[in-house]
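Welcome! Here are some short exercises to help you find your way around a new structure. Try each task by yourself before you read the solution.

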Amino acid sequence: MKDRAYPVAIENSRLERLTTLLKKNAGKSRLFVFYDANLYALHGTRLRETIGESHPEHEEFIVPSGEKHKSAKTLNGIYEFLLDRKVSRNDFILVCGGGVTSDLVGYAAATTLRGIKFGIVSTTLLGMIDAAIGGKTGINHASGKNLIGAFWQPQFVFGDLSFLFTLPPREFMAAIGEMAKYAGLIGPSMVTKVSAFLSDPSRSQLKTLQELILRCVEYKADIVARDEREGHLRMRLNLGHTFAHGIENGLGYGKLRHGEAVTLGLLAAVELSEISGVTSTDTLVEYRNLLQQLVKTLPVRALDSAAISQAMTLDKKRASHSSRYVVLKAVGKPIIADNISSKQAALALGKMIAFYRVHGGTGAKNSDRQRTKS
Ligand code: NAD
């Protein structure tokens, strides 16, 4: 993928960098800009001004917010908007929003006229560290999340910390779950840094936050550059995700944010790493502490292990690797284990649920308070 390398800029109150990226990548092309509706209400004016610096004549489309709009219906509205305006392959699409909007509009860019160039302005923490990176685009289907999609790499990704100030605290904290996944994959120093950030996630730590985001981006970009289409290497990015998808599915979508389910999934993956004998009980202590610290910030939900196991079995059938899980030999040393029994997975799930039942929820209000203080 080296020939398709693109810049990822995560700035701190430097929107003018977006103008530069647009001038360089969209030049004299016609520009179509798609905004997440909530983002538009909060940041639309300054984004429109910034984009106007390079493309005064650009056209706008407001995408309704929320996972349920990552759908064929909204996609069709985008196709109509573009085709009504006689879009050409020389035009450029810019999407501004979180993962829902960048997945959806990215897929529209991938499929309209067999591919139009696009750029992403990522405005959520989850978007910056994960969804905007790696070129996976798509929509949901009644049968499940992200089942329709394409690989389509953007020309650039731009994120700015100033967007994160208006993010609902729960969205912000949920994304730290995804950051904790990267910490488990990257190594002990990242675990220490995320733990330290978590103890005071306020505006005084913007520099640290920027560094943490960039480290996640760097890690994912490196993996994707070497394995764009989810061969063996990219699979490690699924650490905790088999459990997380099972939890989201078993609970019903929307009860927990994706990143919250990932936190629980990671704790189950730690349990599984020990149960399967891949690692010893004292190796993952610091990582377990970080995850347990995060679990305490999650809202309480009653998890039904039978429903989760059933959802995991279905997920596994689709992937046709019933006994494959990402586990940790140590922090920073992920392994794709192909020989995990359903009994071992159920045991790991049960241990995680027992911890969550006792400790979950107590810190949810605290995390809201911490995030809003500045
Ligand atoms: P999201 O896009 O729904 O954004 C979360 C909420 O924040 C929404 O209500 C949105 O309107 C609002 N919002 C966005 N920016 C804001 C801002 N600056 N201030 C205030 N509110 C703002 O959700 P998300 O967590 O960013 O992304 C989740 C999606 O990403 C899921 O659909 C998931 O499947 C997808 N995803 C994709 C990949 C990938 O590789 N393509 C990876 C991970 C997740």
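Two residues are in contact if their C-beta atoms, placed from the backbone, lie within 7 Å. Please keep in mind as you work that the model is predicted.

**Exercise 1. Contacts of a core residue**

Task: find which residues isoleucine 93 is in contact with, leaving aside its neighbours within four places in sequence.

Solution.
- Step 1: with the 7 Å cut-off for C-beta atoms, look around isoleucine 93; its contacts are Phe32, Phe34, Val105, Ala109, Ile116 and Phe118.
- Step 2: now place Ile93 in a wider setting. The largest nonpolar core has 106 residues, and Ile93, Leu94, Ile129, Met179 and Leu264 touch the most other members.
- Step 3: ask where this core comes from. At least three of its residues are drawn from each of domain 1 (2-164) and domain 2 (172-372).

**Exercise 2. Two domains and their contact**

Task: describe how the chain is divided, and work out what the side of domain 1 that touches domain 2 is made of.

Solution.
- Step 1: the chain splits into domain 1, residues 2-164, and domain 2, residues 172-372.
- Step 2: between the C-alpha centres of the two domains there are 27 Å.
- Step 3: on the contact itself, domain 1 puts in 17 residues and domain 2 puts in 20 residues.
- Step 4: on the domain 1 side, at least two residues each come from strand S1 (8-11), helix H5 (125-131) and helix H6 (161-164). H5 gives the most, with five residues.
- Step 5: sort that side of domain 1 by class, and you get 10 nonpolar, four polar and three charged residues.

**Exercise 3. The shell around the ligand**

Task: say which residues come nearest to the ligand, and how the shell around the ligand divides by class.

Solution.
- Step 1: there are 29 residues around the ligand, of which Asn38, Ser65, Gly98, Gly99 and Thr124 come nearest.
- Step 2: next, look for elements that give two or more residues to this shell. They are helix H2 (37-54), helix H4 (99-111), H5 and strand S7 (144-151).
- Step 3: by class, the shell has 14 polar, eight charged and seven nonpolar residues.

**Exercise 4. The two sides of a helix**

Task: for helix H1 (residues 16-26), list the buried residues and explain why they line one face of the helix.

Solution.
- Step 1: count C-beta neighbours; a residue is buried if 20 or more other C-beta atoms lie within 10 Å of its own. In H1, Leu18, Leu21, Leu22 and Ala26 are buried.
- Step 2: look down the axis of H1. The buried residues fall within an arc of 100 degrees, so they line one face of the helix.
- Step 3: turn to the other side of H1, where Glu16 and Lys24 are exposed.
- Step 4: find the cover. Among the elements over the buried residues of H1 are S1, strand S2 (31-36), H2, strand S4 (92-97), strand S5 (117-122) and strand S8 (156-160).
- Step 5: step just past H1 to glycine 27, which has a positive phi of about 35 degrees.

**Exercise 5. An enclosed helix**

Task: explain why helix H10 (residues 241-251) is described as largely enclosed by the rest of the structure.

Solution.
- Step 1: pick out the buried residues of H10, which are His241, Thr242, Phe243, Ala244, His245, Gly246, Ile247, Glu248 and Gly250.
- Step 2: nine of the 11 residues are buried, so H10 is largely enclosed by the rest of the structure.
- Step 3: follow the chain on to glycine 252, where phi is positive, near 100 degrees.

**Exercise 6. Positive phi without glycine**

Task: for serine 13 and lysine 86, decide where each one lies and whether each is buried or exposed.

Solution.
- Step 1: serine 13 is not a glycine, yet its phi is positive, about 55 degrees. Its place is the loop between S1 and H1.
- Step 2: serine 13 has 11 other C-beta atoms within 10 Å, so it is exposed.
- Step 3: lysine 86 is not a glycine either, and its phi is a positive value of about 55 degrees. Lysine 86 sits in the loop between helix H3 (72-84) and S4.
- Step 4: lysine 86 has 8 other C-beta atoms within 10 Å, so it too is exposed.

Conventions
Residues numbered from 1 in each chain as written. Predicted model: local features only at pLDDT ≥ 70, side-chain atom pairs only at ≥ 80, totals over all residues. Domains from an automatic or database assignment. Helix = DSSP H or I, 4+ residues; strand = E, 2+ residues; numbered from the N terminus. Nonpolar A, V, L, I, M, F, W, Y, C, P; charged D, E, K, R; others polar. Core = buried A, V, L, I, M, F, W, Y, C linked by C-beta atoms within 7 Å. Buried ≥ 20, exposed ≤ 12 C-beta atoms within 10 Å, placed from the backbone. Near = placed C-beta within 6 Å. Arc of directions from axis to C-beta.
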